[in-house]
Amino acid sequence: MTTMADVARSAGVSVATVSHVLNDTRPVLPHTRRAVLDAVEELGYTPNTLARSLVTSRTRSIGLAVSAISNPYFTEILQGVEASALEHGYGLLIADPHDDPEHERKVVQLLHERRVDGMIVAPSADPRDLVAYLARHRVPAVFLDRMVDVPEAEDAPRFDQVCAEGAEPTTGLVGHLAGLGHRRIGLVAGRPGLSTTRERITGYRHGLAAAGLPFDERLLVHGDSEAAGGERAAARLLSLAVPPTALVTANNAMTIGALRAVRERGLSVPHDLALCCFDDFAWADLFSPRLTAVAQPSRDIGARAVRLLLERLAEPDRPARTVRLPCSFVHRTSCGCPEQPEKPERPAQLSERSGRFSGPSGPAHAKAHERTLP
């Protein structure tokens with residue numbers, strides 16, 4: 001069995017240098033690092049992960065707690081997390097909290113007991129027990145997709161966060177529909193209590209106000225971020241005495257549910273009901289009509305979460321950071337617009353110069369930005 005000493009002899013370095021290269025415990029000259037890695041590959045050396053963790057107090061593993069892993073949006077986030085973790089030499093342990101606060105705390109405790117070096121968590125609508133557990137045990141953690149209000153006191157735990165913009169892209173969808181002449185625009189909103197739900201409702205109301213349209217509380221129904229809930233919510237909206245002529249759905253699962261409700265009533269999109277959705281997904285372009293959507297940078301969210309966590313592990317006391325990533329507008333036909341000519345880029349590209357969303361639907365932040373807490 002090949003040992004670290006064998007690698008050291010082959011590379012012409014000390015065992016300590018091999019250890020520093022494999023464990024990233026000290027800077028090593030590039031040519032020396034290359035010699036060690038070449039020797040590792042040539043000899044087929046496999047580090048003893050258990051022994052290394054006992055020496056370094058690190059397992060080089062990350063815990064990921066994300067609900068609804070079957071949802072394409074979270075699947076893409078998972079792919080971003082996994083690819084970035086692997087690139088940096090980390091393994092991944094995954095748990096599904098099922099958007100239940102009690103189960104959330106249990107799976108986070110389970111991951112902690114597996115001695116992960118840190119965690120990436122998409123919090124539930126009531127993350128108080130989660131935050132309390134992570135703070136009590138000083139677990140390095142990054143929250144993704146959903147934001148959490150954490151105390152800003154000097155002795156408070158430092159949690160980094162990363163998510164896409166939510167309010168202004170939704171404002172843009174409403175503005176696009178209003179620009180097409182719609183005056184009764186409904187919203188199928190997500191699960192109450194989630195920051196994503198709050199932001200998209202805020203964006204919806206801002207879009208109505210910007211178009212000079214009144215807010216009608218009957219046109220806002222919660223679909224609980226799932227397909228069945230989206231179907232119920234859309235059915236309720238379509239049953240109104242004066243139903244909406246256009247609809248914004250606040251995530252991809254609820255979009256599927258809303259389309260079911262439309263079909264069951266013998267209606268069609270966009271002839272009877274224009275539709276825009278938050279979340280683009282792989283087969284949105286295959287629907288008839290093709291779905292006009294806001295696309296979130298899901299893989300980038302996952303990759304950025306890993307980077308934030310590794311930076312937290314390297315500098316435990318640095319200020320907390322909140323990173324917001326831009327979305328893009330994917331202009332198709334479910335909104336009632338004609339087919340757009342094929343272009344090398346999406347029709348509504350993000351302007352790096354202005355930092356604004358430049359699609360036909362109105363403003364939204366275009367550049368990633370960070371907020372640093374004390």
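**Note on strand S5 and helix H1**

1. Both faces of strand S5 are covered. Asp160, Val162 and Ala164 are buried on one side, and Gln161 and Cys163 are buried on the other. The model is a predicted one, and the points below should be read as such.

2. The count for the strand agrees. S5 spans residues 160–164, and five of its five residues are buried. "Buried" here stands for under 20% relative accessible area.

3. S5 has a parallel partner in strand S4, residues 141–144. Three bridges join S4 to S5. In this pairing, leucine 144 stands opposite valine 162 of S5. Val162 belongs to the side of S5 that also carries Asp160 and Ala164.

4. Strand S11, residues 321–325, also pairs with S5. The sense is again parallel, over four bridges. Here cysteine 163 of S5 stands opposite arginine 324 of S11. Cys163 is on the side of S5 that also carries Gln161.

5. Now helix H1, residues 4–11. Val7, Ala8 and Ala11 are buried in this helix. They lie on the same side of H1, because they cover an arc of only 100 degrees around the axis. The general geometry fits: an α-helix has 3.6 residues a turn, so residues three or four places apart point the same way.

6. What lies over these buried residues of H1? The cover includes helix H2 (15–23) and helix H3 (30–43).

7. Check the backbone just after H1. Glycine 12 takes a positive phi there, of about 70 degrees.

Conventions. Residues numbered from 1 in each chain as written. Predicted model: local features only at pLDDT ≥ 70, side-chain atom pairs only at ≥ 80, totals over all residues. Heavy atoms only, no water. Buried < 20%, exposed > 50% of the residue type's maximum accessible area, 1.4 Å probe, protein only. Helix = DSSP H or I, 4+ residues; strand = E, 2+ residues; numbered from the N terminus. Arc of directions from axis to C-beta. Contact = heavy atoms within 4.5 Å. Pairing = 2+ DSSP bridges.
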